[in-house]
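Q: I should like to learn how to read the features of a protein model. May we work through one together?

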Amino acid sequence: MMITTAPFVSRTESAQYRLYEFAKTALIKIFATPYAAVCDFYCGGGVDTDKWNDAQIGHYIGIDASTTGITEARELWESQTKPYTAEFCELDPCTENLEAYLRDKGVPVDIVCCMQHLQLCFETEERARSLLQNVASLLKPGGYFFGITPDSSTIWAKYQKVVEASHNKGASAKPNPVANCIRSEHYIITFEVEEEKFPFFGKKYQLKFTNDIASETYNLVHFPSLIRLAREAGLEYVEIQNLTEFYDDNRAQFAGLFHTFCPTLIDPRGKLPRAADILGLYSTFIFQKPDPDFVPPITTPIVDGSHVEDREWHSSGRRPQTSVDDEKNGHLDIPLPPVDSGKGILGPGPADQRFPDFY
Ligand SMILES: C[S@@+](CC[C@H](N)C(=O)[O-])C[C@H]1O[C@@H](n2cnc3c(N)ncnc32)[C@H](O)[C@@H]1O
């Protein structure tokens, strides 16, 4: 593959930034209902203030571990017309018991989101457990936890291909260099240590976009461990979906939005010839705190030996439209994942790393 070096562009002009902004906006539009109470983990800078404003939420709690991040987020909210009430707290969701600090600040909430930094908790199992317990204790029954994170399953599958190719080369006479890089037209991912197994926590890599000067260090998020720890904390798995699939599933609904954020990345047929490589690097994740008062919908009778669901599974995780009263009562109609969808919730990752029995 020929790699050309892209010219450096400002962060907010870069394709990766605009695609991320599109995906965050779409998720907020899907989940945030008028008057919703929201808790935003790692809200630093308040970059999503306008999006929450547009969604007409009622209350916002911004959490960030950095003083600067919290101060900037508060200042941005204060500079606006304040269509929703807000609290800003300097706390780390990976290490602190948030409920104890937020008791008089408008919890429980309808939504907890972590738009960019879920990976921070995958440094250790203890941190991941702490973050997920915080989510569960802050959410109302029926409430959602969602966000975007690099798609570790896709990254790991790509990495395994690189390792395999270098081992194949190694069979020849020449000694092969250590395989630790995934290179594409748009980014380079570098692992610190070559490993054959996907470590559940603390597996670090550097991601550098070719149009960016700096690289960032991330932890792989082992999705089966995320699902397991979420379940132990009392959160039900709804969906983890690669952003290319998320885009395809929501293309009709969000075509206008995509055009606003990424006008140069879309072709006349609505395809993303230049963006799929970057979009495919990320996934959405969605969990829900079960509502014990939830009344399941009636299913149709058995046809040909199998139940026919009243509703189709929307693999986008999109909720069917519900009234504001339904939302307030917590009666949210959430679609269930198909046990045998054939898609594999972890995308194209190695089959032995998948988690077959989580349903
Ligand atoms: C860019 S903001 C994220 C804003 C917004 N939620 C979004 O998705 O665009 C990043 C925030 O995450 C926090 N953060 C980033 N890396 C961190 C780290 N290694 N440890 C703790 N906090 C970190 C910082 O405090 C910063 O304010």
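A: Let us begin with a pair of strands. In this predicted model, strand 4 and strand 5 run parallel and are joined by five bridges. One such bridge pairs Cys114 with Gly147 of strand 5.

Q: What kind of unit do strand 4, helix 5 and strand 5 make?

A: Together, strand 4, helix 5 and strand 5 form a β-α-β unit that is right-handed.

Q: In which sense does strand 5 run relative to strand 11?

A: Strand 5 and strand 11 are antiparallel, with seven bridges between them. Across this pairing, Phe145 lies opposite Phe287 of strand 11.

Q: How many of the 12 residues of strand 5 are buried?

A: A residue counts as buried if 20 or more other C-beta atoms lie within 10 Å of its own. In strand 5 this holds for 10 of the 12 residues, so the strand is largely enclosed by the rest of the structure.

Q: In what order do the strands form the open sheet?

A: The open sheet has seven strands in the order 3-2-1-4-5-11-10, and their pairing is mixed. Strand 3 (85–90) and strand 10 (236–242) are the edge strands, each pairing on one side only. From one strand to the next, the twist averages 15 degrees.

Q: How many bridges pair strand 10 with strand 11?

A: Six bridges pair strand 10 with strand 11 (residues 282–288), in the antiparallel sense. Here Glu239 is found opposite Ile286 of strand 11.

Q: Which strands does helix 5 touch as it packs on the sheet?

A: Helix 5 (residues 125–138) touches strand 1 (37–41), strand 4 (109–114) and strand 5 (139–150). The direction of helix 5 makes about 145 degrees with that of strand 5.

Q: How does one check the span of helix 3?

A: One allows 1.5 Å a residue: the 12 residues of helix 3 (residues 67–78) should span 16 Å, and the end C-alpha atoms are 16 Å apart, which agrees.

Q: Why are the buried residues of helix 3 on the same side?

A: First, the general idea. An α-helix has 3.6 residues a turn, so residues three or four places apart point the same way. In helix 3, the residues Ile70, Ala73 and Trp77 are buried. These three cover an arc of only 65 degrees around the axis, and therefore lie on the same side of helix 3.

Q: What do the buried residues of helix 3 pack against, and which residues are exposed on the other side?

A: The buried residues pack against helix 2 (49–54), strand 2 (59–64) and strand 3. On the other side of helix 3, Thr67, Thr68, Glu75 and Glu78 are exposed.

Technical notes: Residues numbered from 1 in each chain as written. Predicted model: local features only at pLDDT ≥ 70, side-chain atom pairs only at ≥ 80, totals over all residues. Pairing = 2+ DSSP bridges. Helix = DSSP H or I, 4+ residues; strand = E, 2+ residues; numbered from the N terminus. Axes fitted to C-alpha atoms, helices over the stretch in contact; angles between N-to-C directions. Contact = placed C-beta atoms within 7 Å. Expected span 1.5 Å × (residues − 1). Arc of directions from axis to C-beta. Right-handed = clockwise from strand over helix to strand, strands pointing away.
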